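Biologist: I have the sequence and the model open on my screen, and I would like a close look at one part of it, with its surroundings. Please pick a charged side chain to start from and walk me outward from there.

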Amino acid sequence: MTGIRRSVRIQRGFRRGARWAGWTAAYVLGLVAITFAGAWTWWQPEPEARGTEANALWARHQWVGEPHTDAEYRGLAALLRENRITDVFFHAGPFEADGTVPAAKYRYAGALIKAVHRYAPGVRVQAYLGQIREVEGKGVIDLDDPAVRDRVVRTDAALLDLGFDGVHYDFEPIYPDDGAFLALLDATRALTRSRGRLLSVALEQPTLVDAAQPVYKALLPRTGPWHYPPRPTDAFLRKVAARVDQVALMAYDVELPTQSLAGWHFARHTRRTLELIGDQVTVFIGVPTYRPMMDWAENLTVALRGARRGIAELKRPPKRPYGVGVYADWTTTPAEWARYRATWLPPATEKVGR
């Protein structure tokens, strides 16, 4: 009898566990369904806000590393004018591990700069520079080394001597406790200010919950497949904004399965970033024209619509210019440029985000 009673108890426990598991699964599925339905409903109305005329473009290295004809320069300038691009980040690096860039890598930069200034006056030509930041012994460039940072700034000076209108940094990964990166921004800003030039920086999309950062930091390494995600917190984003003229937020690589969820992602980061630092610096929200992992959900159309939704949700416009940064010139088709003009640019008579 004892064995029978024990068997009955086990069976009852199993049934109770199965019921709890079933209810838990139903609850989770219900939350997922509500999230998807809510996002879909939110996504349907056409955004009231239009885009802006302060926009950026990441451009390929060949523009500074290879010769081009006058007709090619004219064609580039026409594209920039037609799409009202105000800032172009021409890839001029990457940095070597010691913080230098061989001059041979950008031997045609001077010709490019002169051509853009001649054929697209007003467009700012920035030197796009970066590298994989060394973290926990892995990476290429050690920004913790003051000598390396000094050489980075000397390299910047050489590029500004050629006529670049600014320096655009893209070091990855950058964590919200990276004091060496902030020190580099301080030194670079002293240089760019002394020359009357710009300093801009590309950053990963911000955290979803800042309060989770101590948990990530305590439990996860910064290298390997499962690592502490390098996302700027609100406090770190403000520290960066206090040291630069422009922040380009790399909001792409969403990896969400529907257009409404991907659009919510772009809207959220647009609104949050502009509310946080839009009064301090020019903000560009990075939008993709390459083919991301979930390209049925994340594309240029969705990103631009999401950015417009984020702008529409602002209580007031930022005090500084803002817009989008198109990534990148080598992946953007004529059809995508046409879509950008139709869905993002305001009518020529409007002056939004200037």
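Modeller: Happy to! Let's start at Glu313, which counts as partly exposed because its relative accessible area is 34%, a value between the 20% limit for buried and the 50% limit for exposed. Please keep in mind that this is a predicted model.

Glu313 has a partner: its side chain meets that of Arg271 in a salt bridge, at 3.5 Å from N to O. Glu313 sits in the loop between α10 and β8 while Arg271 belongs to helix α9, so this contact ties together parts 42 residues apart in sequence. Arg271 has a second bridge, to Glu275, where the closest N and O atoms are 3.4 Å apart. That one stays inside helix α9, since Arg271 and Glu275 both lie there, four residues apart, or about one turn of the helix. Arg271 is partly exposed at 26% relative accessible area, and Glu275 is also partly exposed, at 44%. As background, side chains of opposite charge can pair when their charged atoms come close.

These are part of a bigger set, as a search of the whole structure finds 22 salt bridges. One of them joins Arg222 and Asp177, with the closest N and O atoms 2.7 Å apart. It too links distant parts of the chain: Arg222 is in the loop between α7 and α8 (234–241), Asp177 is in the loop between β4 and α6, and 45 residues separate them. Arg222 counts as buried because its relative accessible area is 18%, below the 20% limit, whereas Asp177 is partly exposed at 39%.

Back to α9 and the empty space beside it. The search finds two cavities of 30 Å³ or more, and the second largest holds about 40 Å³ of space. Helix α9 (259–277) is one of the elements that supply at least two residues each to its lining, along with β7 (282–288), α10 (300–312) and β8 (322–327). β8 gives the most, with three residues. Among the lining residues are Thr270, Leu274, Ala307, Ile311 and Trp344. By type, the lining divides into eight nonpolar residues, two polar and no charged.

Helix α9 also takes part in the largest pocket, which contains about 780 Å³ of space. Of the 30 residues lining this pocket, Glu204, Gln205, Pro229, Arg231 and Asp253 are the closest to its centre. The elements giving two or more residues to that lining are β4, α7 and α9, and α9 contributes the most, with four. Here the mix is 17 nonpolar, six polar and seven charged residues.

Two of those central pocket residues, Glu204 and Arg231, also appear in the lining of the largest cavity, together with others including Phe171, Glu172, Pro173 and Met250. This cavity has about 70 Å³ of space. β4 (166–172) and β5 (198–204) each supply at least two of its lining residues, with β5 giving the largest share, three. Its lining divides into nine nonpolar residues, no polar and three charged.

Glu172 and Pro173 deserve a second glance for their backbone. The peptide bond from Glu172 to Pro173 is cis, with omega near -5°, and Pro173 falls in the loop between β4 and α6 (179–195). Another cis bond runs from Tyr327 to Ala328, with omega near 15°; Ala328 is in the loop between β8 and α11 (334–343). Most residues other than glycine have a negative phi, and most peptide bonds are trans. Glu255 is worth checking on the phi side: its phi is near 60°, a positive value in a residue other than glycine. Glu255 lies in the loop between β6 (246–250) and α9, and it is partly exposed, at 48% relative accessibility.

A last stop is α7, which we met in the pocket lining. Val215 is in this helix (residues 213–219) and, at 45% relative accessibility, counts as partly exposed. With Tyr216, Leu219 and Leu220, Val215 forms a nonpolar patch on the surface, about 350 Å² of accessible area together.

Definitions and conventions
Residues are numbered from 1 along each chain as its sequence is written. This is a predicted model: local features need pLDDT of at least 70, side-chain atom pairs count only at pLDDT 80 or more; totals for chains, interfaces and linings use all residues. Side-chain values use heavy atoms; hydrogens and water are left out. Patches are made of residues with over 30% relative accessible area and no salt bridge: like charges are joined within 9 Å, nonpolar side chains (Val, Leu, Ile, Met, Phe, Trp, Tyr) within 5 Å. Accessible areas come from the Shrake-Rupley method with a 1.4 Å probe; for residues, only the protein chains shown count as cover. A salt bridge is a side-chain nitrogen of Lys or Arg within 4 Å of a carboxyl oxygen of Asp or Glu. Buried means under 20% relative accessible area, exposed over 50%, partly exposed in between (1.4 Å probe, protein chains only). On a 1 Å grid over the protein atoms alone, a cavity is a set of points where a 1.4 Å probe fits but cannot get out, and a pocket is an open set with protein on both sides within 12 Å along at least five of seven lines; lining residues have an atom within 4 Å of a point. Grid points are joined across faces, edges and corners, and a volume is the space filled by probe spheres set on the points. Ala, Val, Leu, Ile, Met, Phe, Trp, Tyr, Cys and Pro count as nonpolar, Asp, Glu, Lys and Arg as charged, and the others, Gly among them, as polar.
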